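Welcome! Please take a moment to look over the sequence and the 3D view, and then we can walk through a few places together.

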Amino acid sequence: MKDLATPNSLGGWQIAGMPMQLFFGFSACVLYAGWNGTLPLGMVGALALMFVLGTLLTELGERIHPVREYLGGGTILAIFGGAALFEYRILPAEAGAVITNFMKEGGFLNFFIASLVTGSVFGMSRALLKNAAMRYLPVILGGVVVALLAVGSVGVLLGYGFKSAVLLIGLPIMGGGMGAGAVPLVEILSGPMHLSSAELLSRMVPAVVIANTLAILVGSLLARIGRRYPSLTGNGRLMIREETATAEEVTRTPTLESLGIGLFISSSMFVLGSLLGKFIPMHPFALMILAVATIKVSGLLPRRYEEAAADWYQFVVTNLTPSLLVGIGVAYTSIPELIGAFSAQYFVLVLVTVLGGALGAAIVGRMIGFYPIEAAITGGLCMANMGGTGDVAVLSAAQRMNLMPFAQISSRLGGAFMLILATLLISLFV
């Protein structure tokens, strides 16, 4: 993500590529419309307000040293600052509803992830994609095994119980988010555990939300560790021997035409995944990843159009990430829910699960030729977050947005694997 505030040639400062005075002039107009209830509905009003809030909060987070160094910087402030602005009525709920509708009903999150997945996969070399994909599933499995064993063991020590810790905390956290993880798990566990769906959700949802926050913070911490110990990280490259596989990548300047082509290709790939989902019982994002990877490996798409998709991915990441982070905070983050679930015992169990997932993925990843930090982020933290929203936040905090395809494999295919695992564990525990 680019620096949002930089000095210009006139000695002043720029925010989001424009002079500070100009940015604040436009921002004042948008903020006043949001405050007095005249913000336009739909994409225009929502994106304008999200851009202003995302830019300001991200810049503030990067300028406050403790927040930047220890709490995830602009990423964490954009998410929780955005949530707090509407939770505590600093900005009216009507403006928050415009953003929420744009994120959920308007599909902005899907649009963002589709752009990242399509562009980053088409931007890879074929050799890298083949080699990494073959080795990636064991990384996920390593993270899951260590996370569940760790939370179960600590659960015994804290008096929470091995079974309760694994089934009510470990599984929902590692299950791929809320809709793909916690909610289906309730249907699987409610009967055998003789608990109502509401009671199970009340225990699982806070674990997922707290774990998502911790995953963001750990992602930021891993980025710092990588800067201090360079041998542990590929700075966004997953495979240790990736250098020989990226020869086909060249530096180029995007054109207006290439950005338009990239927009169309990424949108088309999302539509293809949704269409395949009507016939194949898998998540549309997982099917989209498989379709894009198949096209890439087979060489069906000329290189020029692969580069156009990669150009569009870079455009979206550079310009829209702060906006999306605010949208995640407003539409998907509940501060009262986090506060209400907080207890020392519960927090420790959630933390152990997140750290166990990252550690297990890092160990297995290193054994099979991945950089430990990249393996921990994608195979561990992106299993422990809240699916697509968490993937964006974690990768943004870790400054490794190009790893989105592997993050999505963790969230989608890994989440489906956890539902199968839950069924097996129920037969052992209940």
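What follows is a short tour of some helices and a few single residues. Please keep in mind that this is a predicted model.

Let us begin with helix 4, which covers residues 74–87 and has 14 residues. From its first C-alpha to its last, helix 4 reaches 19 Å, close to the 20 Å expected at 1.5 Å a residue. How many of the residues of helix 4 are buried? The count is 12 of 14, so helix 4 is mostly covered, where buried means under 20% relative accessible area. Among these buried residues are Gly74, Thr75 and Ile76 at one end of the list, and Ala84, Leu85 and Phe86 at the other. After helix 4 comes Arg89, with a positive phi near 60°.

Next, find helix 5 (residues 93–104), which packs against helix 2 (residues 43–63). Their axes lie 9 Å apart and make an angle of about 105°. Angles of 65 to 115 degrees count as roughly perpendicular, and therefore helix 2 and helix 5 are described that way. On the helix 2 side, the contact is made by Met43, Gly45, Ala46, Leu47, Leu49 and Met50. Helix 5 brings Ala95, Val98, Ile99, Phe102 and Met103 to this contact. Sorted by character, the residues where helix 2 meets helix 5 are 10 nonpolar, 1 polar and no charged.

Helix 5 also packs with helix 13, at an angle of about 105° and with the axes 9 Å apart. This makes helix 5 roughly perpendicular to helix 13. Here helix 5 contributes Gly96, Ile99, Thr100, Met103 and Lys104, while helix 13 offers Leu324, Gly327, Ile328, Val330, Ala331 and Tyr332. The residues of this contact divide into 7 nonpolar, 3 polar and 1 charged.

Stay with helix 13, which spans residues 303–332, and look for Gln314 within it. Gln314 is partly exposed, with a relative accessible area of 43%. Which residue lies 7.9 Å from Gln314 in space, C-alpha to C-alpha, although 195 residues separate the two in sequence? That residue is Gly119.

Finally, turn to the cysteines. A disulfide is a covalent bond between the sulfur atoms of two cysteines. The structure holds 0 disulfides. Is Cys29 buried or exposed? Cys29 is exposed, because its relative accessible area is 53%, and over 50% counts as exposed. Cys382, in contrast, is buried, with a relative accessible area of 0%.

Definitions and conventions
Residues numbered from 1 in each chain as written. Predicted model: local features only at pLDDT ≥ 70, side-chain atom pairs only at ≥ 80, totals over all residues. Heavy atoms only, no water. Helix = DSSP H or I, 4+ residues; strand = E, 2+ residues; numbered from the N terminus. Expected span 1.5 Å × (residues − 1). Buried < 20%, exposed > 50% of the residue type's maximum accessible area, 1.4 Å probe, protein only. Disulfide = S-S within 2.5 Å. Axes fitted to C-alpha atoms, helices over the stretch in contact; angles between N-to-C directions. Parallel < 35°, antiparallel > 145°, perpendicular 65-115°, else oblique. Contact = heavy atoms within 4.5 Å. Nonpolar A, V, L, I, M, F, W, Y, C, P; charged D, E, K, R; others polar.
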